[in-house]
Number of protein chains: 6
Amino acid sequence: MRNDGRNNNQTRPIAITTHYNKHAEGSVFIEVGETKVICTATVEERVPPFMKGQGKGWVTAEYSMLPRATQVRNQRESAKGKLGGRTMEIQRLIGRALRSVISLEALGERSITLDCDVIQADGGTRTTSITGAFIAMAFAIDKLAKDRNLKTYPIRDFLGAVSVGVVNGQTSLDLNYEEDSKAKVDMNVVMTGDGKFVEVQGTGEDSPFSRAELDELLALAEVGIKDIILAQEEALGPEICARIRRIPHAAATRS
Amino acid sequence: MRNDGRNNNQTRPIAITTHYNKHAEGSVFIEVGETKVICTATVEERVPPFMKGQGKGWVTAEYSMLPRATQVRNQRESAKGKLGGRTMEIQRLIGRALRSVISLEALGERSITLDCDVIQADGGTRTTSITGAFIAMAFAIDKLAKDRNLKTYPIRDFLGAVSVGVVNGQTSLDLNYEEDSKAKVDMNVVMTGDGKFVEVQGTGEDSPFSRAELDELLALAEVGIKDIILAQEEALGPEICARIRRIPHAAATRS
Amino acid sequence: MRNDGRNNNQTRPIAITTHYNKHAEGSVFIEVGETKVICTATVEERVPPFMKGQGKGWVTAEYSMLPRATQVRNQRESAKGKLGGRTMEIQRLIGRALRSVISLEALGERSITLDCDVIQADGGTRTTSITGAFIAMAFAIDKLAKDRNLKTYPIRDFLGAVSVGVVNGQTSLDLNYEEDSKAKVDMNVVMTGDGKFVEVQGTGEDSPFSRAELDELLALAEVGIKDIILAQEEALGPEICARIRRIPHAAATRS
Amino acid sequence: MRNDGRNNNQTRPIAITTHYNKHAEGSVFIEVGETKVICTATVEERVPPFMKGQGKGWVTAEYSMLPRATQVRNQRESAKGKLGGRTMEIQRLIGRALRSVISLEALGERSITLDCDVIQADGGTRTTSITGAFIAMAFAIDKLAKDRNLKTYPIRDFLGAVSVGVVNGQTSLDLNYEEDSKAKVDMNVVMTGDGKFVEVQGTGEDSPFSRAELDELLALAEVGIKDIILAQEEALGPEICARIRRIPHAAATRS
Amino acid sequence: MRNDGRNNNQTRPIAITTHYNKHAEGSVFIEVGETKVICTATVEERVPPFMKGQGKGWVTAEYSMLPRATQVRNQRESAKGKLGGRTMEIQRLIGRALRSVISLEALGERSITLDCDVIQADGGTRTTSITGAFIAMAFAIDKLAKDRNLKTYPIRDFLGAVSVGVVNGQTSLDLNYEEDSKAKVDMNVVMTGDGKFVEVQGTGEDSPFSRAELDELLALAEVGIKDIILAQEEALGPEICARIRRIPHAAATRS
Amino acid sequence: MRNDGRNNNQTRPIAITTHYNKHAEGSVFIEVGETKVICTATVEERVPPFMKGQGKGWVTAEYSMLPRATQVRNQRESAKGKLGGRTMEIQRLIGRALRSVISLEALGERSITLDCDVIQADGGTRTTSITGAFIAMAFAIDKLAKDRNLKTYPIRDFLGAVSVGVVNGQTSLDLNYEEDSKAKVDMNVVMTGDGKFVEVQGTGEDSPFSRAELDELLALAEVGIKDIILAQEEALGPEICARIRRIPHAAATRS
């Protein structure tokens, strides 16, 4: 039994408020348990210098935590005058993950910036950001595809993320903060709607892990991401789902 | 008639969600029209170096906008590597204003940091931040006064803020973004519960203003701040109101 | 009686050395009591990016203090690697104030940068900077108007600034450092030659102030600024005064 | 056949020059193919603030590339004034990986800093850095264990790293730069001497990958890391190997 | 004949206003031709961390130019967020030069900071800064020696600096800006009162120079520095001169 | 007798490994005693903004030390977020020195960046960098002259650098770290192949020096630079030497 009463293969409750921001081209407020993130998508008719003149678009992400998203107040990176390593690592991960399901050619020379701002943190902020950012991005691109009459629909598949880890000697799905802080192994997994891996980042700083543990963790992640993508489908609605041309999979079954 | 149907002496609707953040010692989510700010108060048992050893506390504030709080995305100050002049000016204002109603001696050698994060901006973000931060601070200090059994109650009075300006040749209360961007004169006023001024910042960059206009603007601000303090009283509840020992004033009457 | 023997409604002696710098298009060395500031105006045939292509000019200001302008040496902001909040606030104020009396259209696509460098500080450095910068700017623009044969004269009015405050329970004009450091209320006022307000910034951090006090302070500021503008007229000389087309007012009378 | 004639399961030639630097407590110059890295270990009798007073040591790493380590000159991060996201990500990875085989308690309140400076880059600079840094660290700790007569030997196991990826549709071991730049899937794997995983970081930005591909990549990595650890054993010599108390495994066999 | 009518072995007129700043422990306003620098000396009862506990003092310098000290406005280094290489080089030079004539032991654990702020630049700003800073420092140390009753007088000798160069094929003393900008060889020389060298910095970027030219330049510098030290003696007055225990040399004679 | 057995007029052994880096247009690994520097030359078909449109090229240098090049680890300037004064001073010196023997007109609108990275430091890192950078630059320019068929050969002469100083009361050539740290006078000299001076930088921070000492130091430097240029000739080979059209001088003779 876990500290919040869940089974090892259960995710926390997911709540998604769509169109949360009146200015952004796409936005959600996503809650996974007590972890809460605002994701907004901004569409701009220009690409960064290194992408210019290639007829392709770009998708990038920025990640930040409000100072009191955490139990102890963390100093603002704007006040420190620089981004920390953790922030950079996370926003590179989010951007890379989102690009994996987008056709940059179909997007045309435009850029989409996903801002993921963590309002309250309770474990899994990077995976919640990816999950929420995908929805915000999908709303923004869907609108763009209609407004600009894009020939090819730029979204190729759904994309969800979840954390897994070894806590108290047990492999567990979707760790909350308390679990995360005592996990021996910690892994973040990003997968597409058709069940392929986009990112696998496992680390056993406190204790190296065996191939058998790795296999168990990957299996749990697969279960969790199925649930997460179901929640994304519901948030985006049937029309956008249809345009992504994804064959909805059945809900994950578990013991 | 104003662009949103209000009379010149009317504030926008105010909504205050208390205890919005599970980690902070005090917190609110405040909405004034379409302007939305999360205010959290963090209590720490230490003071900045320049205050050490004086037996007094400190109250300070930080202010930030999410990148897409605005119509056009604004770059993060953490990415730029420094705080802009506007941000510094606003957070200095908020801190100064809040300190005016606090007895730093009664607080003891502790600091309270108010984080004001603008989720969505539609004019008046600095005054909304002050209004919201006062409530978050009051919750935090009230808890502190109980937990630490403070001899003197550190909060001396209520504190509210509002903007006024000259728009389309008319003095108007609580400007929204569209009004603000075409205002000839722009003034932010911060007042205490007993009707005294803490800050008056009026600027007529595009058009200097007369003493008569100044008087009209100050009168409007007084009306608005009475409404705002009523909303604060409701949010804080009768017990905390009683402890602040404030004699509640009647609602402002207007034509 | 004040610490330097002045009456409450008296400014300190004002001395203005014109054409102080051989390189700048306009320059003064201004002394208000023991506060000493070098103001230079630089004219450049370009505007900042956000102003391009509008056929309008721009006026901006920078403010700095020499490290030993103050009693205790203050660290250079160049060595710290960033501008402090106070500096930013002041230079934004100076720029805004100066723009209020300039027709940016008449200026054409040019920018004027006012550098205000405090050589010695004894209270009122920001108001002295505004007063001095106006003269440096006027010399530079007058020269420009002649050299470029500008159709409309870009200077619309004089501009002066002064501080007022409540010291030892008395409202006082033009505070020196010692007065400023014990003032309960501190207000900076910027006015035009025809007696209109450009900026009113009053703060009662240590003690909120009443409407009656505010009225007294504004009246004192008006008296002081009349004196200051007389000094400006003398420094600029009758020809430039005439071109600004200002009807000189009589000297302020006082009890 | 690969672009440099290797089989898919072959690493590039590994050359390790030990004691390369006369000042450092431990150092190597490691060459993996054309990738060349100087790794130095510095021992200091203090720990970072967040580790103080716990009776434990700390191991950290810094990573940098000379400007012309790459085909096109890259700007120095010291000249840019900040570390890039890639650098931060890599140095966090190196430090984390090294700590996984060290007993921080046995080390005592000391810190070891591993500097990995890439002299020439041809793919796999982060994995080569980990492999080389382990040797430099082992020399430094071994010396420390003797000099300070440490009760417990702080090194628990060997640690090697290698990259694997899918290039031209084939899973391949130890990618060089040309391969890396066209790889569809890219994975860095860090393992201990007893065959456990410390880090698994796989990314399929350009093309998500299946579970079958993931399994093949992990198997290749295991083969490569065995070779790498053999080279480490040879560089460290039988005495240190014995103190690490590792049972040497046989060389990897392959088809 | 030079562009300002001087002979090749003539310095520009030197004017020194002592006690220019009311706050600093020592200060001068020094004018060498049209080059004008404010030098202030600040005494603090502490030394930088690297000097602590050695019973010795420290002397350091900072150098800056006002933005419009130059013909074309130069951007503030505080606005750029960092000191340029030229500034750092100059302030290191000034500090090093001043320390050469001070007994740090006699000074005791105190630091003296010389701020050299160039008000107007017309060549030779670094040498003028050294010459002026010596006087400001001497006033500050003399006062300190009296106030603290120092056993040994910390000033060992006078110190002056001048530039020399090859302009229009001729070796010339004390270059002004126009000369400096077309000089083929440029040399700054710092010497003590007893005719020894403290710094010789010659550079022939545009044209290497022979030993014979070097000898001529050094001879010219010697002549100029004698004049400069005479001016310093006059500024400091006979009492301080006597305490420095320097035997005044006769004025340099020249053809 | 010196601490490493050399006579006062002897340089340390010089070893030059050419073409050390496979990517750079020119490169060497230079060892002068235990001081070791990698120098790479990068050719780019563009010039910095201030050189644009003049039909001339540019040569610049960057200098850095690996953290453990020194006995005690020095913090990376990339981690500090800015270049130190010493680094800036040195890289300005290297660039200036190299430009003195190059015809920027003959080079055409291209820039050459010399990166000097100190792998191990034992005194004389800046002079070793200049000596090595000249060779790397010569290889790069020679290749460029051939590839682009330049009309005029851009290299005008050889360029070498050495340090001299007064150690234990004796003038000495090519100081190692131990000597340098106790030298009373320290001088860096850069000379061309035909025996002219490019830079003379002498400093007597701890003890001013006489003209006689200066003369002795310059004579020693001349001897050392002859040796150094012989080593450069050998490294570059007869063909490039011939193109530089330098008449080789005989080896320096000494007592």
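User: In this predicted model, with which side chain does the side chain of Thr125(A) make a polar contact?

Analyst: The side chain of Thr125(A) forms a polar contact at 2.6 Å. Setting aside neighbours within four places in sequence, Thr125(A) is in contact with Thr35(A), Tyr63(A), Arg86(A) and Val118(A). The polar partner is the side chain of Tyr63(A).

User: Is Thr125(A) buried or exposed?

Analyst: Thr125(A) is found in helix α4 of chain A, which covers residues 125–147. Its relative accessibility is 7%, and the limit for a buried residue is under 20%. Thr125(A) therefore counts as buried.

User: Which residues does the UniProt annotation "binding site" cover in chain A, and why can they be said to gather at one spot?

Analyst: The residues span 41 positions in sequence, yet no two of their C-alpha atoms are more than 13.5 Å apart, so they gather at one spot. The annotation comes from an unreviewed UniProt entry. The residues it covers are Arg86(A), Gly124(A), Thr125(A) and Arg126(A).

User: Which of these residues does the lining of the largest cavity include?

Analyst: The annotated residues are Arg86(A), Gly124(A), Thr125(A) and Arg126(A). Of these, the lining of the largest cavity includes Gly124(A).

User: What is the relative accessibility of Arg126(A), and which residues is Arg126(A) in contact with, leaving aside neighbours within four places in sequence?

Analyst: Arg126(A) is found in helix α4 of chain A. With a relative accessibility of 18%, Arg126(A) falls under the 20% limit and so counts as buried. Apart from neighbours within four places in sequence, its contacts are Arg86(A), Glu89(A), Ile90(A), Leu93(A) and Asn188(A).

User: Which backbone nitrogen does the side chain of Thr131(A) reach?

Analyst: Thr131(A) has its place in helix α4 of chain A and is buried, with a relative accessible area of 4%. Beyond neighbours within four places in sequence, Thr131(A) is in contact with Ile30(A), Gly160(A), Ala161(A), Ile228(A) and Gln232(A). At 3.3 Å, its side chain reaches the backbone nitrogen of Ala161(A).

User: What are the strand percentages over the two parts of chain A that UniProt places in the feature "domain: Exoribonuclease phosphorolytic"?

Analyst: The unreviewed UniProt entry places this feature at residues 10–138 and 158–222 of chain A. Over residues 10–138 the chain is 29% helix, with end C-alpha atoms 26 Å apart; over residues 158–222 the chain is 28% helix, with end C-alpha atoms 14 Å apart. The strand content is 31% over residues 10–138 and 43% over residues 158–222.

User: Which residues have the most contacts inside the largest nonpolar core?

Analyst: In soluble globular proteins, nonpolar side chains tend to be buried together. The largest nonpolar core here has 154 residues. Leu114(D), for example, is in contact with residues including Val59(D), Leu98(D), Ala133(D) and Met137(D). The residues with the most contacts inside the core are Leu114(A), Phe134(A), Met137(A), Leu114(D), Phe134(D) and Met137(D).

User: How many bridges join β2(E) to β1(E), and how many join β2(E) to β3(E)?

Analyst: Strand β2 of chain E, residues 26–32, is mostly covered, with six of its seven residues buried. Both pairings of β2(E), with β1(E) and with β3(E), are antiparallel. Thr18(E) has Val28(E) as bridge partner in β2(E), while Gly26(E) has Ala41(E) as bridge partner in β3(E). The counts are five bridges with β1(E) and seven bridges with β3(E).

User: Which residue takes a positive phi in the hairpin of β2(E) and β3(E)?

Analyst: The hairpin has two residues between its strands. The positive phi is near 60 degrees, and the residue that takes it is Gly33(E).

User: How far apart in space are Gly26(D) and Ala41(D), C-alpha to C-alpha?

Analyst: Gly26(D) lies in strand β2 of chain D and is buried, with a relative accessible area of 1%. Ala41(D) is among the residues in contact with Gly26(D). The two are 15 residues apart in sequence, and their C-alpha distance is 4.9 Å.

User: Is Glu178(C) buried or partly exposed, and which side chain makes a polar contact with its side chain?

Analyst: Glu178(C) lies in helix α5 of chain C, residues 177–182. Its relative accessible area of 44% makes Glu178(C) partly exposed. The polar contact, at 3.1 Å, is with the side chain of Asn3(C).

How values were computed
Residues numbered from 1 in each chain as written. Chains lettered and ligands numbered in written order. Predicted model: local features only at pLDDT ≥ 70, side-chain atom pairs only at ≥ 80, totals over all residues. Heavy atoms only, no water. Core = buried A, V, L, I, M, F, W, Y, C linked by side-chain atoms within 4.5 Å. Buried < 20%, exposed > 50% of the residue type's maximum accessible area, 1.4 Å probe, protein only. Contact = heavy atoms within 4.5 Å. UniProt positions renumbered as here; feature names shortened; annotations may be inferred. Helix = DSSP H or I, 4+ residues; strand = E, 2+ residues; numbered from the N terminus. Pairing = 2+ DSSP bridges. 1 Å grid on protein atoms, 1.4 Å probe; cavity = no way out; pocket = protein on both sides within 12 Å on 5 of 7 lines; lining within 4 Å. Polar contact = N/O pair within 3.5 Å; in protein donor to acceptor, adjacent residues only side chain to side chain.
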